[in-house]
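Visitor: I have a model open and a list of terms I want to test against it. Could you take me through them?

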Amino acid sequence: MSVRVEQVLTEEQFEEFVALPVTLHGRGRHVPLLQPTLRSWWTGEHPQGRFGPVTFLLARSDSGAAVGRMCLHHNPSFDDKVGAETQLFGLTEFADVSVLDTLMTYAAGSARVTARTQLVGPVALLPNQTGGVITSGFDERGFMDSPWNPASYPEAYEALGFARIFEGATWIVPLGGGDGAASEPPADEPPIGEPSGGVVVRKASRLRLRRDLEAMRQVLNASFAALPYYTEISAADLAHQTAGLEFLVDPDLFLLAYIDGEPAAFVLVVPDLSEFAMARDGRLAVKDYPGLLWRRLKGTTDAILIIKGTDPSAQGRGLQTLLARQVERGLRAGGYRTLRSTFVETANAGSSRTYERMGGRPLQGTTFYRRAVR
């Protein structure tokens, strides 16, 4: 089969691009990115558009059928982080290794034109947003903000000379029967909202969510700065990534710890609406969010820990242990049965221990890939 690559320029091509994962994999495991997000990347109407366009590509067979897709983009902040001019690629799906080879040949050619020395991905649009490839747990469904792919994907990348980087795992924590039973806090644990030793834990508020998210962003950038893949999140980036969160957030599951009035740690858990997104093929818009709120209130029993962090100046004080206990009680009291977590790097043993203490286990191995541009 010969394969050709074309740029996505028309609405019809965009629809093919969006539909391709279902065409290749069927429904039930792959969770699509929300279509409004994809469209904002395609049209350049997103904060990272200031760094240049996100080029959407389709690969076609001899018959004209779409058999692969990919996007190409660039971020100078990531170049600075890794110390190399990098061609980023993402949203990568393919029927077989020959299709991936054709897409990567195109990506390498694009990189040479712009004097970039390596390919890194799949990232959308950065490793600290979403992307990656799963390397185990293929029979488990994916979930929002995490990848899913068949077992052939790691083999295909590695057959083409890509090396694994930023390896890690997603996690899953069973929470029992979802009967609402919540454990009693230790006697020395401060109740939410009451200070103890200068530490106070507060629930987020839907009415003041932007304020709470800004406090989270301050801690997030400080706590993740040392990670090899992390680039700073701007206020505009965060606002774009969390649009509509006020309809989904459960205040019992978004907790912030303050020390002497300054944000020091946080944990953000949201109801898992992955199956709803799969059923709609990612076709959700802001107008759908009130309906999602109704769906959450009607008894969604799975949740996703999107992100957590502690300011370096406050590490070693047990803040994540405190927040984990309190959010676990919130989950159990809310009738949630399962908590999943986005990927944790293998080297980040401290973060993994949080899930181990909750009775969790690794769910799917994850990795990103890198290859030099020859």
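Guide: What follows is a set of questions on a predicted model, each answered from its values.

Visitor: Why is strand 11 called largely enclosed?

Guide: Buried means under 20% relative accessible area. In strand 11, residues 302–310, 8 of the 9 residues are buried, so the strand is largely enclosed by the rest of the structure.

Visitor: Which strands pair with strand 11, and in what sense?

Guide: Strand 10, residues 262–271, pairs with strand 11 in the antiparallel sense, over 7 bridges. Here Phe-266 stands opposite Gly-309 of strand 11. Strand 12, residues 338–345, pairs with strand 11 in the parallel sense, over 4 bridges. There Asp-302 has Thr-338 as its bridge partner. Two bridges are enough for strands to count as paired.

Visitor: What makes a right-handed β-α-β unit with strand 11?

Guide: Strand 11, helix 11 (residues 319–333) and strand 12 make that unit. With the strands pointing away from the viewer, a right-handed path over the helix runs clockwise.

Visitor: Where else is there a right-handed crossover, and what surrounds strand 5?

Guide: Strand 4, residues 86–94, pairs with strand 5 in the parallel sense over 3 bridges. Gln-87 has Leu-119 of strand 5 as its bridge partner. Between these strands the chain crosses through helix 4, residues 97–113, and this β-α-β crossover is right-handed. Strand 5 is also joined to strand 13 by 4 bridges, and these two run antiparallel. Gln-118 has Ala-372 of strand 13 as its bridge partner.

Visitor: How do you know that both faces of strand 5 are covered?

Guide: Side chains in a regular strand alternate between the two faces of the sheet. On one side of strand 5 are Gln-118 and Val-120; on the other are Leu-119 and Gly-121. All of these are buried, and both faces are covered.

Visitor: What makes up the largest nonpolar core?

Guide: This core has 36 residues, and Met-216, Phe-254 and Leu-256 touch the most other members. Strand 7, helix 6, strand 9, strand 10, strand 11 and strand 13 each supply at least two of its residues. Helix 6 gives the most, with 7 residues. To belong, a residue must be buried and be joined through side-chain atoms within 4.5 Å. In soluble globular proteins, nonpolar side chains tend to be buried together.

Visitor: What does Phe-254 touch?

Guide: Leaving out residues up to four places away in sequence, the contacts of Phe-254 include Leu-209, Leu-213, Met-216, Val-249, Val-267 and Leu-268. Charged residues are on the list too, including Arg-202, Lys-203 and Asp-212. Apart from this core lies another, of 28 residues, among them Ala-169, Ile-259, Tyr-336 and Val-344.

Visitor: Why is Asp-237 called buried?

Guide: Asp-237 has a relative accessible area of 7%. The cut-off is under 20%, so Asp-237 counts as buried. Asp-237 lies in helix 7, residues 235–241. Leaving out residues up to four places away in sequence, it touches Pro-47, Gln-48, Arg-50 and Glu-232.

Visitor: What makes the phi of Asp-145 and of Phe-166 worth a look?

Guide: Most residues other than glycine have a negative phi. Phi of Asp-145 is positive, near 70°. Phi of Phe-166 is positive as well, near 50°.

Visitor: Are those two residues buried, exposed or partly exposed, and where do they lie?

Guide: Asp-145 is in the loop between strand 6 and helix 5. Its relative accessibility is 37%, so Asp-145 counts as partly exposed. Phe-166 is in strand 7. Its relative accessibility is 13%, so Phe-166 counts as buried.

Visitor: Which peptide bonds are called cis, and where are they?

Guide: Gly-121 and Pro-122 are joined by a cis peptide bond, with omega about -10°. The bond from Ala-124 to Leu-125 is also cis, with omega near -10°. Pro-122 lies in the loop between strand 5 and strand 6. Leu-125 is found in that loop too. Most peptide bonds are trans.

Visitor: How many cavities are there, and what lines the largest?

Guide: The search finds 2 cavities of 30 Å³ or more. The largest holds about 50 Å³ of space. Its lining includes His-46, Gln-48, Phe-51, His-73, His-74 and Leu-125.

Terms used
Residues are numbered from 1 along each chain as its sequence is written. This is a predicted model: local features need pLDDT of at least 70, side-chain atom pairs count only at pLDDT 80 or more; totals for chains, interfaces and linings use all residues. Side-chain values use heavy atoms; hydrogens and water are left out. Buried means under 20% relative accessible area, exposed over 50%, partly exposed in between (1.4 Å probe, protein chains only). Contact means heavy atoms within 4.5 Å. On a 1 Å grid over the protein atoms alone, a cavity is a set of points where a 1.4 Å probe fits but cannot get out, and a pocket is an open set with protein on both sides within 12 Å along at least five of seven lines; lining residues have an atom within 4 Å of a point. Grid points are joined across faces, edges and corners, and a volume is the space filled by probe spheres set on the points.
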